[in-house]
Amino acid sequence: MKAKNQDVLSLIKSMTLFHSPMIKVVFGHRECVNEMIDIILGRHLHIDEHHVEHYMSNIKGREAQFDIYVKSEKMRINVEIQRKEKGATPKRGRLNLSLIDTQEIKKSSEYEEVPESYIVFMCEGDYFKKGLPIYHLKLTNKETKEEVDIGQEMIYVNGDYQDEDTVLGRLIHDFHCIDPNEMYSEVLKKWVKYYKEERKGVIEMCEICDQLKEMGRIEGEIIGEKRGFTNGKAEGKIEEKFKIAIEMKKDERFSNEDIQKFTGLTIEQLAMI
């Protein structure tokens, strides 16, 4: 690997399964998606097809990108792997579930033929701050306190919960691992090692990182730690920094502080965008 790529290699080594480039490649493999879904649902799901970075839109043009979209015979699942709480708001879940209905319900469908739909937020922290490992949000009859089955559910996984005596706790542990050798899941370990240590996998990751950087989407805090590298890539062109900042502002996962660290622009300059 050429010397000029050493900074990129360092970035790849520091990534976990919460980082966009690693999500893109690892969960491109069906067995990794199945491993995650089966543990979260607590049962095996036969997956007919799945997509990473899958786009959906409604008739008014409102578009959303799903980190992972899973289809089985009678179920649709959107998995969002979230580092920031802002991106895990239940209203985002409502939007994404509505987009699934828009796309998946056929004109002639009977009510009972509507597929079940789930959105799973795999959070880096505890979104609800209640200390539980997992939260299930379903429609409830307010007066009787009984659940009403409409075939939709939101699931929040608490990323702070790493009780390694439980299957879910071990999965969460694996998501936080920088070193794949410390992972419990043999499936996840195999593919994370491939993209961090094996030549073909590392080359693929380098290409993805270059593409994502041009779009302003590499995670801000990692790039902030490697600021000399990013400044060099920007080649001192202020217009290029503004271009990247504009792209990053389109992604709600990035704060102004993240964008500032990534581009080197000042807060005053960002205010101009």
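Let me start with Ile77, which sits in strand S3, the run covering residues 75-82, and please keep in mind throughout that we are looking at a predicted model. Its relative accessibility is 0%, and because the cut-off for burial is under 20% relative accessible area, Ile77 counts as buried. If we set aside the neighbours within four places in sequence, Ile77 is in contact with Ile37, Leu41, Leu45, Ile68, Tyr69, Val70, Tyr118 and Val120. From that list I would pick out Val120, which is 43 residues away from Ile77 along the chain, while the C-alpha atoms of the two are separated by 7.4 Å.

Now to the chain as a whole. It has 273 residues, of which 45% count as buried, and its secondary structure consists of twelve helices and six strands. Taking the contacts between residues at least 6 apart in sequence, 60% of them join residues that are at least 24 apart.

Turning to the surface, the chain exposes about 14500 Å², with carbon and sulfur atoms supplying 49% of that area. Where on this surface do we find a nonpolar patch? One is formed by Leu139, Val148 and Ile150, which together have about 250 Å² of accessible area. Val148, for its part, lies in the loop that runs between strand S5 (134-137) and strand S6 (152-157). With a relative accessible area of 34%, Val148 is classed as partly exposed, because that category covers what falls between the buried limit of 20% and the exposed limit of 50%.

So, to put the two residues side by side, Ile77 is buried, whereas Val148 is partly exposed.

Methods
Residues numbered from 1 in each chain as written. Predicted model: local features only at pLDDT ≥ 70, side-chain atom pairs only at ≥ 80, totals over all residues. Heavy atoms only, no water. Patch = residues over 30% accessible without salt bridge, like charges linked within 9 Å, V, L, I, M, F, W, Y side chains within 5 Å. Areas by Shrake-Rupley, 256 points an atom, 1.4 Å probe, with all protein chains shown as cover. Salt bridge = Lys/Arg side-chain N within 4 Å of Asp/Glu carboxyl O. Helix = DSSP H or I, 4+ residues; strand = E, 2+ residues; numbered from the N terminus. Buried < 20%, exposed > 50% of the residue type's maximum accessible area, 1.4 Å probe, protein only. Contact = heavy atoms within 4.5 Å.
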